[in-house]
Amino acid sequence: MTTFSPQTQTAPRLPNNSSLPLYGMMAEFETPAQIMEAAKKVNAAGYRFWDCHVPFPVHGLDKAMGIKRTILPMLVFGAGMTGAIVGFCLQAFTNAASFSIWALVWVTGYPFLISGKPLMSVPAWIPIIFELTILLSALSAVGLMFLMNGLPRLSHPLLSNNRFRRATDDRFFIVIESRDPKFLRSKTEAFMKTLGAKHIEVVEDR
Amino acid sequence: MSNSSKGFIETDNTQQPTGSRAPLVLNMHKFGEVTHQVCRVAENRPPMAWYIAFVICLGMMGFLGFCVTYLIFTGVGVWGLNNPVMWAYDITNFVFWVGIGHAGTLISAILFLFRQKWRTGINRFAEAMTIFAVVCAGLFPGIHVGRVWLAYWLFPIPNSMEMWPQFRSPLLWDVFAVSTYFTVSLVFWYVGMIPDLATLRDRAKGRFQQFAYGLASIGWRGSMRHWHRYEVAYLLLAALATPLVLSVHSVVSFDFAVSQVPGWHTTIFPPYFVAGAIFSGFAMVVSLAVPARQLFGLKDLITMRHLDNMNKIILLTGCMVGYAYSMEFFIAWYSGAMYEKFAFVNRAFGQYWWAYWIMVSCNVITPQLFWFKAVRTSIPLMFILSIFVNVGMWFERFVIIVTSLANDFLPSSWDQFVPTWVDIGTMVGAFGLFGTLFLLFCRYLPMIAIAEVKAVMPEANPHPGHADGHHAGGHHGDDHGFPSGAVPALREPRSSEDSL
């Protein structure tokens, strides 16, 4: 475990005796206000592959980090419209069509005449069109959110770090990844020391 | 740190002086304390009462399994159904359980859209209650179809007969509404739980717990870039679940309202059913929250203010239900339709008069006691009243379904429904199924939305001294301290966003 604590701040570099490659550097903060200030600085310094890890969404931190608004709602709207169309076509085909289609299996429409109602009873189809719109929107909202976040993941370098366990409890972390074009071990370390973190640490890529 | 959760003393945080907000988390100022308070329930051995309740519920669930098996092997004749009463306990239980579920979605979705921050203390287990209630609800239409092995005919699955379901029927709308409702509620519940499952994963000591919670939390690591999309997705889910929950009980009410049976054929049914669903659901939340917060020491998170607010909603929806009962009667008279008039007079004074008056006294008279603050903030009273409301709402469905069918147009076809032991056993057993699932949830999953509760604590404000950074609450002397340090201990400044 390679660590750095404020007591040894005079040390020129964090020790990294391990042969493992570097994932990045991690700074630990104690309050939302501290990480907010630090995040603004990291963003202003021009880093791109960096992130804040917080136990709850800190109000306004995404803006401070310069995160652009996600396009998720537009995709979900598309999925919802798909659900509506599927709902309409499903009912129109199964209850009002007299032709067959090949859809996974060979299926035939069944013009369903009941109580003298018209075959295309669109008002009566609205509840199911509505339900399928909601169903597809909700599932796509969650599915696409996972996909865009790169989840699910069974392992991650950060999850192997013992100190990082408190990211889901009461600590706030900033991690700058080593793949960032601006990442330079000594410079990034010096920069992170200016952020006012409680603790700075090297994260190995394991 | 004084901790009220250890004793029986209740902290009264129901008062909210102008310009400040009552605290939603008592006696805790550190995020770690909230984590510990909630996680220890899942990490430690539960109290003895949990084991006793679990054994009882498991026994009831076993009896449900027996009753259902007996029904499937023998036929629906083992129930007290007859011609004309072809729907009775089965559909009563179905509507009852679907209705119970509605409060969970109301708390998780509608209160979220209205930015009612007090929802964070109760939303997790209210959502769990929704899922388990819908599981119970789904059981009944599944088994009442008679030939259970053909229940898949409800879905539009291509088959060799080239037959399709009849999409103009409200019964089929119900299949889609309830299954969509179950799916969306489950997804909503799970997504909300992921950050808290990650908390449990990171605290887990045992290898198995680490693996199980690790798998369930799908690699969540609190990344703000993830949170950003997560919050958008959560908002979308809330916005989608809101019309959905209103549609589900409306569609359930269409099962009745679209038919011609006097007593069912009324246009007031959709709003009346939705109000009744929320009414019964909140009563169930109170019935569960009161023992749960006591048993697991969660009084600092599910505070008196939460209970008081829920009792106010019970009062409001109880008044709506009472209005609907009287309006039904009025319209029955005003319509001039003799079958309709008879149906309603028969409900109140016919063979099932006792069921009707149980319903009225439990649903209309009981909640009126919640006008008094002393009742709203009394733990024993609110528990008893919430049970009354649950009983009353079960009888409401029984009255609507059975009295309307038993005495319809032709006196020659009238009959009386008498439940058999299988009817009663299935009903009681469903409570066992619900209880078993709920107790397992309390034992192994985060009962309270940890991340969400932290986010509504005054300490979560990234701009201390300002109210959410908008200056709406003004400065409080020390610009760098937390609001809680600068203003009287139990208050947090009101932000412009909160007042929505």
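These are my notebook entries on two chains of a predicted model.

**Entry 1: ground rules**

I number residues from 1 along each chain as its sequence is written, and chains are lettered from A, with ligands numbered from 1, in the order in which they are written. Since I am reading a predicted model, local features need pLDDT of at least 70 and side-chain atom pairs count only at pLDDT 80 or more, while totals for chains, interfaces and linings use all residues.

**Entry 2: where the chains touch**

How many residues does each chain bring to the contact? I found 61 residues from chain A and 54 residues from chain B. Two residues are in contact here if their C-beta atoms, placed from the backbone, lie within 7 Å.

On the side of chain B that touches chain A, I noted α1 (31-43), α5 (170-203), α7 (224-257) and α15 (450-455), each supplying at least two residues. Helices are DSSP runs of H or I with at least four residues, strands are runs of E with at least two, and both are numbered from the N terminus. Which helix gives the largest share? That is α7(B), with 16 residues.

I also sorted that side of chain B by residue type: 30 nonpolar, 14 polar and 10 charged. Nonpolar covers Ala, Val, Leu, Ile, Met, Phe, Trp, Tyr, Cys and Pro; charged covers Asp, Glu, Lys and Arg; the others, Gly among them, are polar.

**Entry 3: helix α3 of chain B**

I followed α3(B) from residue 89 to residue 113, which is 25 residues. From first C-alpha to last, α3(B) reaches 36 Å, close to the 36 Å expected at 1.5 Å a residue. The expected span is 1.5 Å times one less than the number of residues.

Where does α3(B) bend? I found a bend of about 40° at L106(B), taken as the angle between axes fitted to the seven residues ending there and the seven starting there.

Why do I call α3(B) largely enclosed by the rest of the structure? Because 23 of its 25 residues are buried. A residue is buried if 20 or more other C-beta atoms lie within 10 Å of its own, exposed if 12 or fewer, and partly exposed in between, with C-beta atoms placed from the backbone.

A reminder to myself about helices: an α-helix has 3.6 residues a turn, so residues three or four places apart point the same way.

**Entry 4: loops on either side of α3(B)**

Ahead of the helix, I looked at P84(B), in the loop between α2 (48-74) and α3 of chain B. The peptide bond joining N83(B) and P84(B) is cis, with omega about 25°.

Just after α3(B) comes R115(B), with a positive phi of about 55°. R115(B) sits in the loop between α3 and α4 (119-144) of chain B. Is R115(B) buried or exposed? It has 12 C-beta neighbours inside 10 Å, so R115(B) counts as exposed.

I met a positive phi near 55° at E162(B) too, in a residue other than glycine. E162(B) is in the loop between α4 and α5 of chain B, and it counts as exposed because it has 12 C-beta neighbours inside 10 Å.

**Entry 5: helix α8 of chain B**

Residues 269-295 of chain B make up α8, with 27 residues reaching 39 Å, close to the 39 Å expected. I noted that 21 of the 27 residues of α8(B) are buried. Just after α8(B), G297(B) takes a positive phi of about 60°.

**Entry 6: a hairpin in chain A**

In chain A, I looked up strands β4 (residues 100-103) and β5 (residues 105-108), which run antiparallel and are joined by four bridges. Strands pair if DSSP finds at least two bridges between them. The bridge partner of I101(A) in β5(A) is V107(A). One residue lies between the two strands, and L104(A) in this hairpin has a positive phi near 65°.

W102(A) is in β4 of chain A and counts as exposed because it has 7 C-beta neighbours inside 10 Å. How far is W102(A) from E189(A)? Their C-alpha atoms are separated by 62 Å.

**Entry 7: domains of chain A**

I noted domain 1 (22-55 + 167-204) and domain 2 (72-148) in chain A; domain bounds come from an automatic or database domain assignment. Their centres, taken over C-alpha atoms, are separated by 47 Å.

Last, I checked P152(A), in the loop between α4 (122-148) and β6 (172-177) of chain A. The peptide bond from L151(A) to P152(A) is cis, with omega near -5°.
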